[in-house]
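Student: I should like a close examination of the empty space in this structure. Please treat the pockets and cavities in detail, and then place them in the context of the surrounding fold.

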Amino acid sequence: MKIAFAGKGGSGKTTLSALFTRYLAAAGATVVAVDADINQNLGAALGLAPEELAGIPPLGSHLSEIKEILRGSNPRITSADAMVKTTPPGRGSRLLDMASANPIHRRFGRPAAGATLMVTGPFSEDDLGVACYHSKVGAAEMYLNHLVDGPGEYAVVDLTAGADSFASGLFTRFDITFLVAEPTLRGVGVYRQYAEYARDHGVEIRVIGNKVQDEGDVEFLREHVGSALSACFGHSPFVRAMEKGRHPGLEELEGENAKTLAWMRDSVDTVPRDWARFTRQGAEFHARNARAWANTATGADLEAQIDPEFVMGPEALEAQRA
């Protein structure tokens, strides 16, 4: 399953992304964690030292290399330069499984807390004043477009704060989005924004209340997000320790918060997979981007990259292996 963690800055989404990643990996699941937040703190939350993080090649700085890998022998994509962040896979594209040996994981992934960590990367000196962070996150979108995840396999993505993922079709690439919300007006405001943008696209959004101190906080969240409120993290010395840069063992996690993590995994596992919709939405947003800016930017008709006979999913991956 592909899982997003979203929310306003400071809500605790990166901490909960890391905690959920650790929980899944400790249970024996195959997990890839992607830091797609402009602040790039997921690796530290997973326990990597600064020198280890510095050795991870950022996806956002190697777009041409990633495009060359993913386009494979797809005849609809004439060159890496003609490939944009929304370009969907088709027959001949290089699809990815969750194995550590796949070319993207092997090149850009590093072990972290039992998972494979990849990072989109921070702004460089050359980016300042001339680029937006979408240029980095686009690498994660291309990766998710080509990823076939199976039972017991999870891609956990820590998104940048706010609603930036709606600048393309990235928000439709997930089976479920956990929106982490504090019991404040600003905290629930991000949920309203997400819900409004995602309303017509079948996006599964579940609110995780965080930093909840009492029943009054729970009632506040329930009043503002209704049935979307799925679980809450209460006062947690364990989480507080994580936020201070310490990494206690999961056996020290408070019982109620451990139950919340178990519920979150059960919740994810019950979401039905719909590869046909995943394929259709990818094509729809690529067509929108092509007409809005990408055709002009590349000087080509990028809608022609859409393969009408192709459906993403396990069967397409098996056909590639044959």
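Tutor: The answer below begins with the open pocket, continues with the enclosed space, and ends with the sheet and the cores.

The coordinates are those of a predicted model. Its largest pocket has a volume of about 310 Å³. The lining of this pocket consists of 18 residues, and those nearest its centre are Gly 12, Lys 13, Thr 14, Thr 15 and Asn 41. Helix H1 (13-26), helix H2 (42-45) and helix H9 (237-243) are the elements that give two or more residues to this lining. Of the elements, H1 gives the most, with three residues.

An annotation may be set beside this pocket. The unreviewed UniProt entry assigns residues 4-54 to "domain: CobQ/CobB/MinD/ParA nucleotide binding". In the model, that span is 45% helix and 22% strand, and its end C-alpha atoms are 24 Å apart.

Enclosed space is a separate matter. The structure holds two cavities of 30 Å³ or more, and the second largest cavity has a volume of about 30 Å³. Its lining is made up of Thr 86, Glu 141, Asn 145, Gly 169, Thr 172, Arg 173, Gln 281, Gly 282 and Phe 285. H6 and helix H11 (275-298) are the elements that give two or more residues to the lining of this cavity. H11 supplies the largest share, three residues.

H6 also has a part in the packing of nonpolar side chains. The largest nonpolar core comprises 48 residues, of which Val 34, Leu 59, Ile 104, Met 118, Tyr 143, Leu 159 and Tyr 194 touch the most other members. Helix H6 (residues 134-145) gives the most to this core, namely six residues. A second, separate core contains 37 residues, among them Ala 18, Ala 112, Leu 117 and Ile 208.

The strands complete the picture. Eight of them form an open sheet with mixed pairing, in the order S3-S4-S2-S5-S1-S6-S7-S8. Strand S3 (110-112) and strand S8 (229-234) each have a single partner strand and stand at the edges, so one side of each lacks a neighbour in the sheet. From one strand to the next, the twist averages 25 degrees. At the S8 edge, strand S7 (residues 205-212) runs parallel to S8 and is joined to S8 by four bridges. Val 212 stands opposite Gly 234 in S8.

Key: Residues numbered from 1 in each chain as written. Predicted model: local features only at pLDDT ≥ 70, side-chain atom pairs only at ≥ 80, totals over all residues. Heavy atoms only, no water. UniProt positions renumbered as here; feature names shortened; annotations may be inferred. Core = buried A, V, L, I, M, F, W, Y, C linked by side-chain atoms within 4.5 Å. Buried < 20%, exposed > 50% of the residue type's maximum accessible area, 1.4 Å probe, protein only. Pairing = 2+ DSSP bridges. Axes fitted to C-alpha atoms, helices over the stretch in contact; angles between N-to-C directions. 1 Å grid on protein atoms, 1.4 Å probe; cavity = no way out; pocket = protein on both sides within 12 Å on 5 of 7 lines; lining within 4 Å. Points joined across faces, edges and corners; volume = space filled by probe spheres on them.
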